Amino acid sequence: MHIRGDHAELVVGGRLDVRSAADARTALHAAVDSGRGDLVLDLAELDSWDATGLGVIMGAHRRAGRVGRRLVLRGVPPQMQRLLVATRLHRILAIEGGIEAESLPRV
């Protein structure tokens, strides 16, 4: 997993899973705590995430809300969009451009 960017936009790539969760949590919390306004997470380079990785995203979302910020997901790959729809998290998380559940490819 790799994360690059600043307090306004982060690019997350690789695998966001149980092995990378602690580092990702630290980076996301630091970005949330050091900025103002929306924090954009660009996930276009993300290969996969597991339940732990999704929990890190949700934790950053909650933390951002507590400090008056909004976490915005950008470039969510279709496979991960399906998971957000299946868990109904697409209704909670801000997703740039939204997700059209009907247009997602079925697996």
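## Helix α1 and its two faces

In this predicted model, the buried residues of α1 are A21, A24, L28, H29, A31 and V32. Around the helix axis they take up an arc of only 160°, which puts them on the same side of α1. The cover over these buried residues includes β1, β2, β3 and α2. Turn to the face pointing away from that buried side, and you meet the exposed residues D23 and T26.

The helix length is easy to sanity-check. With 13 residues at 1.5 Å a residue, α1 should span 18 Å, and its end C-alpha atoms are indeed 18 Å apart, so the two values agree.

## Strand β2 and its partners

Strand β2 covers residues 9-16, and 6 of its 8 residues are buried, so the rest of the structure largely encloses it. Which strands does β2 pair with in the parallel sense? One is β3 (residues 39-42), joined to β2 by 3 bridges. Another is β4 (residues 46-49), again parallel to β2 and again over 3 bridges.

Strand β1 (residues 2-5) goes the other way: β1 and β2 are antiparallel, with 4 bridges between them. The link from β1 to β2 is a hairpin of 3 residues. If you want residue-level handles on this pairing, R4 sits opposite V11 in β2. For β3, V40 is the bridge partner of E9, while in β4 the bridge partner of R15 is S48.

## A closer look at S48

S48 belongs to strand β4. Is this serine buried or exposed? S48 has a relative accessible area of 15%, and the cut-off for buried is under 20%, so S48 counts as buried.

Skipping neighbours within four places in sequence, S48 has contacts with G14, R15, L16 and M80. R15 turns up here as well as in the strand pairing, where R15 and S48 are bridge partners. M80, for its part, is one of the buried residues of helix α3.

## Helix α3

Helix α3 runs over residues 78-86, and its buried residues are M80, Q81 and L84. They span an arc of only 105° around the axis, which places them on the same side of α3.

What do the buried residues of α3 pack against? Their packing partners are β4, α2, β5 and β6. Just past the helix comes R88, with a positive phi near 65°.

## Salt bridges across the chain

Searching the whole structure turns up 7 salt bridges. Take E45 and R4: their closest N and O atoms are 2.8 Å apart. This pair connects distant parts of the chain, as E45 is in the loop between β3 and β4, R4 is in strand β1, and 41 residues separate them. Both ends are partly exposed, E45 with a relative accessible area of 34% and R4 with 43%.

A second example pairs D33 with R63, where the closest N and O atoms are 2.7 Å apart. D33 is in helix α1 and R63 is in helix α2 (residues 51-66), so this salt bridge ties together parts 30 residues apart in sequence. D33 is partly exposed at 45% relative accessibility, and R63 is partly exposed too, with a relative accessible area of 25%.

## The network around R74

E96 and R74 also meet through their side chains in a salt bridge, at 2.8 Å from N to O. E96 lies in the segment after β6 (94-95) and R74 in strand β5 (residues 71-74), so the pair ties together parts that are 22 residues apart in sequence. E96 comes out as partly exposed at 42% relative accessibility, and R74 is partly exposed with a relative accessible area of 23%.

Which residues do shared partners join into one network? Salt bridges with partners in common link E9, R74 and E96. E9 has a place in the strand pairing as well, with V40 in β3 as its bridge partner.

Notes
Residues are numbered from 1 along each chain as its sequence is written. This is a predicted model: local features need pLDDT of at least 70, side-chain atom pairs count only at pLDDT 80 or more; totals for chains, interfaces and linings use all residues. Side-chain values use heavy atoms; hydrogens and water are left out. Buried means under 20% relative accessible area, exposed over 50%, partly exposed in between (1.4 Å probe, protein chains only). Helices (H or I, at least four residues) and strands (E, at least two) are DSSP runs, numbered from the N terminus. Two strands pair if DSSP finds at least two bridges between them. A salt bridge is a side-chain nitrogen of Lys or Arg within 4 Å of a carboxyl oxygen of Asp or Glu. The arc is that of the directions from the helix axis to the C-beta atoms. Contact means heavy atoms within 4.5 Å. The expected span of a helix is 1.5 Å times one less than its number of residues.
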